[in-house]
Amino acid sequence: MSGTLKAVRGTRDLLPPETALWNRIEETARRVFARYNFGEIRTPVFEDTSLFARSVGEETDIVSKEMYTWEDRARAASEKSQSLTLRPENTAGVVRAYIEHKLGETGQLQKLYYIGPQFRRERPQKGRYRQFSQIGAEVIGPPSAGSESPLRDAEVLEMLATLLDELGIGGWTLHINSVGSAADRARYNEILRAALADVAPKMCVDCQRRAVTNPLRVLDCKVPEDQPYIDALPKMADSLDEESKAHFAAVMAALDAAGVSYTRNHRLVRGLDYYTRTTFEFTHGGLGAQNALLGGGRYDGLSEAIGGPKAPGIGFAMGEDRLVLTLEAQQEAKAEKADAYIAPLGEAMNAPALKLARELRRAGLAIELGDGSFRLKKSFETADKTARRIVILGEDELNSGILTVKEFASGEQSKVARTELKRILAMTATA
Ligand code: HAM
């Protein structure tokens, strides 16, 4: 067999300097989550297939055609073969863990966040991959802990607005809707089915199919010619019962009070079956067709659907790949350069240069260490690519304790006492 091996379609290698941006995003998320008193949960990357069938829903695109599923053969008589699936999302795994570890018995709200890879066999395009990373969080607990309160929904949305601000992502739009209780949704599905009976034949083939199998999904259609028909369909808001209406009104009132702006989007139904009441997405115009930065909502019946106690919850997941794309487009992904490059003049200076690099690195500076066998011209060229400045260390410098420092951006060259070097490099590093 010949030919070079490549990363599998829909998967990618992430390389520096881009990985620095990924790390910065994750650090910012962890910092913000900590301020809202969330703790981290890490669940396995694969789970029993039935977990996703029972939570995300058998009929959804994710479960019916996008999962990586395999039959895991028994290795011993004591084991059974089992159908396993690489997680396509993490809410199901978190709720499974909540039930398995009896977290409901604490009587407290559980506020859990996660960062990690998810897998869906979708058609790859910009912003859509088969392995992608989500940063998500869930708030879940017994009703006595206040898990059903609309304040929880508003708090999660306010946290997201804060997190996007701190990431430096501007220009997003928050779309919110309420899909009501399971009964409201069933009622609305029938109303839609009836309304679609007349118009569906004039719509795209996907809509014709959905009109029969899952009328709610018609609201997701992006085909331009279908839009007038969809806009004229009955709205979910008119099918909500009084409790769901009041819940949604309270979420919006709390957002108004906190000054978080949003748009009501009657067509926001989301592609996972577990949602009840509040659903939301944050979109960004810079992303193109895959414009959802993140999505989420409330899932009050999910725990019971997978055999657990009553445990209403609300959560979200951000597409980390899409956060990176957005920030790169905003040109905030500047290549991270080291604070300084140390150029030893001659191989005899290698050991003293290592000593100097150690001192500076221990002081928290990012240092590139050159090599005394390089000619000065080569040292300058390498330094210019990897660091903001070059520090020259020859015999004279070593003896006098006065070093030559050149700053590339300004072209300025100066003499700096070795005792002052740390302070100077740190000072200008943050400038
Ligand atoms: P989701 O809308 O399926 O929700 O995914 C959330 C986000 O993950 C999307 O808005 C998008 O940014 C990102 N995403 C999804 N698929 C891909 C892909 N193929 N490539 C790149 N990014 C992608 C959920 O997963 C729910 N578990 C969210 C949630 C948490 N709801 C309640 N709690």
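Here is a short conversation about a predicted model, its aromatic rings and its domains.

Biologist: Which ground rules apply to this model?

Modeller: Residues are numbered from 1 along each chain as its sequence is written, and side-chain values use heavy atoms, with hydrogens and water left out. Because the model is predicted, local features need pLDDT of at least 70 and side-chain atom pairs count only at pLDDT 80 or more, while totals for chains, interfaces and linings use all residues.

Biologist: Happy with that! How many aromatic pairs does the structure hold?

Modeller: Rings of Phe, Tyr and Trp (its six-membered ring) pair if their centres lie within 6.5 Å; planes under 30 degrees apart count as stacked, over 60 as edge-to-face and the rest as tilted. One of the pairs is F33 with F38, tilted at 40° between the planes and 6.0 Å centre to centre. The count for the structure is seven.

Biologist: Is F33 buried or exposed?

Modeller: Buried means under 20% relative accessible area, exposed over 50% and partly exposed in between, using a 1.4 Å probe and protein chains only. F33 has 0% relative accessibility, so F33 counts as buried.

Biologist: Which residues form one aromatic cluster with F33?

Modeller: F38, the tilted partner of F33, is buried too, at 10% relative accessibility. The cluster joins F33 with F38, Y113 and F316.

Biologist: What kind of pair do the rings of F46 and W70 make?

Modeller: Strands here are DSSP runs (E, at least two residues), numbered from the N terminus. F46 lies in strand 2 (residues 46–48) and W70 in strand 3 (residues 69–72), so their pair ties together parts 24 residues apart in sequence. F46 is partly exposed at 44%, and W70 is partly exposed at 31%. With ring centres 5.8 Å apart and planes at 70°, the pair is edge-to-face.

Biologist: Over which residue's ring does the charged end of R12 sit?

Modeller: A charge sits over a ring if NZ of Lys or CZ of Arg is within 6 Å of the ring centre and within 35 degrees of the ring normal. The charged end of R12 is 3.9 Å from the ring centre of its partner, Y129.

Biologist: Where is I342 placed?

Modeller: I342 is buried, at 0% relative accessibility. Its C-alpha atom is 6.0 Å from that of I392, 50 residues apart along the chain. The place of I342 is strand 12 (residues 340–344).

Biologist: And how far apart do the C-alpha centres of domain 1 and domain 2 lie?

Modeller: Domain bounds come from an automatic or database domain assignment. That assignment gives domain 1 (18–72 + 80–181 + 241–329) and domain 2 (340–430). Their C-alpha centres lie apart by 47 Å.

Methods:
Helices (H or I, at least four residues) and strands (E, at least two) are DSSP runs, numbered from the N terminus.
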